[in-house]
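Visitor: I have not seen this one before. Can you walk me through it while I ask things as they come up?

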Amino acid sequence: YQRRVHGAATKIQKVFKGYIARKRTADMRREELEFLGMEDSGLKEKAELQVRMDQILARRKLAQQQNQQELEQEHIVLRERIKETEGGKIMEDLHDLILEKLVRERQITLGEVPEFPTEEEGGSYAYLKDRPELTEEQRLAEEDRRRKESAAVEKPASYT
């Protein structure tokens, strides 16, 4: 039994060593032929693959640029649509804020009207920027007041 196992192991080793030797010989032969220029080493295929990858990359970059332009265009359209639909309300709210602050400052300074920043200084944005932050309760009360005002304006007269 021992001899058969040993013989089988020797046979397996012999086959495996022969396979490795043939593989090494084939690799050495291929390398020698490539060195002498007698065999194509696949460089042409690699170059073709690189060209194809470059083309794919160029297509992707072009698609990215087109998508970026579409996004910017949509952004412009969206801003214009918001300006059309909500612009009046926003302007009215800003106007109310500016007037409130002017009245408050006028009351504090006993009738003197504060100097309004020029356009180069930031205009109404700079004027409102100094506005102190509202507390949570004040902000909620302001939102309720505005919601009630807008509901009163939007509510149609009832027909009875």
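Visitor: Is Leu 94 buried or exposed?
Guide: Leu 94 is partly exposed, with a relative accessible area of 36%. Keep in mind that this is a predicted model.

Visitor: Which helix is Leu 94 in?
Guide: Leu 94 is in helix α2, which covers residues 43-108.

Visitor: What patch does Leu 94 belong to on the surface?
Guide: A nonpolar one, formed by Leu 78, Ile 82, Ile 90, Met 91 and Leu 94. Together these residues have about 450 Å² of accessible area. Leu 94 can be in such a patch because its 36% accessibility passes the cut-off of over 30%.

Visitor: What does Leu 94 come close to from elsewhere in the chain, say Ser 124? How far apart are their C-alpha atoms?
Guide: The C-alpha atoms of Leu 94 and Ser 124 are separated by 8.6 Å, and the two residues are 30 apart along the chain. Leu 94 is also one of the residues in contact with Leu 128.

Visitor: Where is Leu 128, then?
Guide: Leu 128 is in helix α3, residues 123-129.

Visitor: And is Leu 128 buried or exposed?
Guide: Leu 128 counts as buried, because its relative accessibility is 15% and the cut-off for buried is under 20%.

Visitor: Which residues does Leu 128 touch?
Guide: Setting aside neighbours within four places in sequence, Leu 128 is in contact with Leu 94, Leu 97, Ile 98 and Lys 101. For Ile 98, the C-alpha to C-alpha distance from Leu 128 is 6.9 Å, with their positions 30 residues apart in sequence.

Visitor: Let me step back. How many helices and strands are there?
Guide: Four helices and zero strands. From the N terminus, the order of elements is α-α-α-α.

Visitor: How much of the protein is buried?
Guide: Of its 160 residues, 8% count as buried. The protein exposes about 15400 Å², and carbon and sulfur atoms supply 56% of that.

Visitor: What share of the contacts is long-range, 24 or more positions apart?
Guide: Among contacts with a separation of 6 or more, residues 24 or more positions apart account for 44%.

Visitor: New topic, charges. How many salt bridges are there?
Guide: The count is three.

Visitor: Which residues are linked in a network of them?
Guide: Asp 27, Arg 30 and Glu 34. Arg 30 pairs with Asp 27, where the closest N and O atoms are 3.9 Å apart. Arg 30 also meets Glu 34, at 3.0 Å from N to O.

Visitor: Why can Arg 30 reach both ways along the helix?
Guide: Arg 30 and Asp 27 are three residues apart in helix α1, so about one helical turn separates them. Arg 30 and Glu 34 are four residues apart in helix α1, which also makes about one helical turn. An α-helix has 3.6 residues a turn, so residues three or four places apart point the same way.

Visitor: Are those three buried or exposed?
Guide: Each is partly exposed: Arg 30 at 34%, Asp 27 at 29% and Glu 34 at 26%.

Visitor: What about the bridge between Asp 93 and Lys 89?
Guide: Their side chains meet at 3.3 Å, N to O. Asp 93 and Lys 89 are four residues apart in helix α2, so they too sit about one helical turn apart. Asp 93 counts as buried at 19% relative accessibility, whereas Lys 89 is partly exposed at 42%.

Visitor: Back to helix α1. How does its span compare with what is expected?
Guide: At 1.5 Å a residue, the 35 residues of α1 should span 51 Å, and the end C-alpha atoms are 51 Å apart, so the two agree.

Visitor: What comes just after α1?
Guide: Gly 37, which takes a positive phi of about 80 degrees.

Visitor: Last thing. Which elements have the lowest and highest mean pLDDT?
Guide: Helix α4, residues 136-154, has the lowest, at 71. Helix α1, residues 2-36, has the highest, at 93. For the protein, the mean pLDDT is 82, and 86% of the residues reach 70 or more. Where pLDDT is low, the predicted coordinates should not be read in detail.

How values were computed:
Residues numbered from 1 in each chain as written. Heavy atoms only, no water. Patch = residues over 30% accessible without salt bridge, like charges linked within 9 Å, V, L, I, M, F, W, Y side chains within 5 Å. Areas by Shrake-Rupley, 256 points an atom, 1.4 Å probe, with all protein chains shown as cover. Salt bridge = Lys/Arg side-chain N within 4 Å of Asp/Glu carboxyl O. Helix = DSSP H or I, 4+ residues; strand = E, 2+ residues; numbered from the N terminus. Buried < 20%, exposed > 50% of the residue type's maximum accessible area, 1.4 Å probe, protein only. pLDDT = per-residue confidence, 0-100. Expected span 1.5 Å × (residues − 1). Contact = heavy atoms within 4.5 Å.
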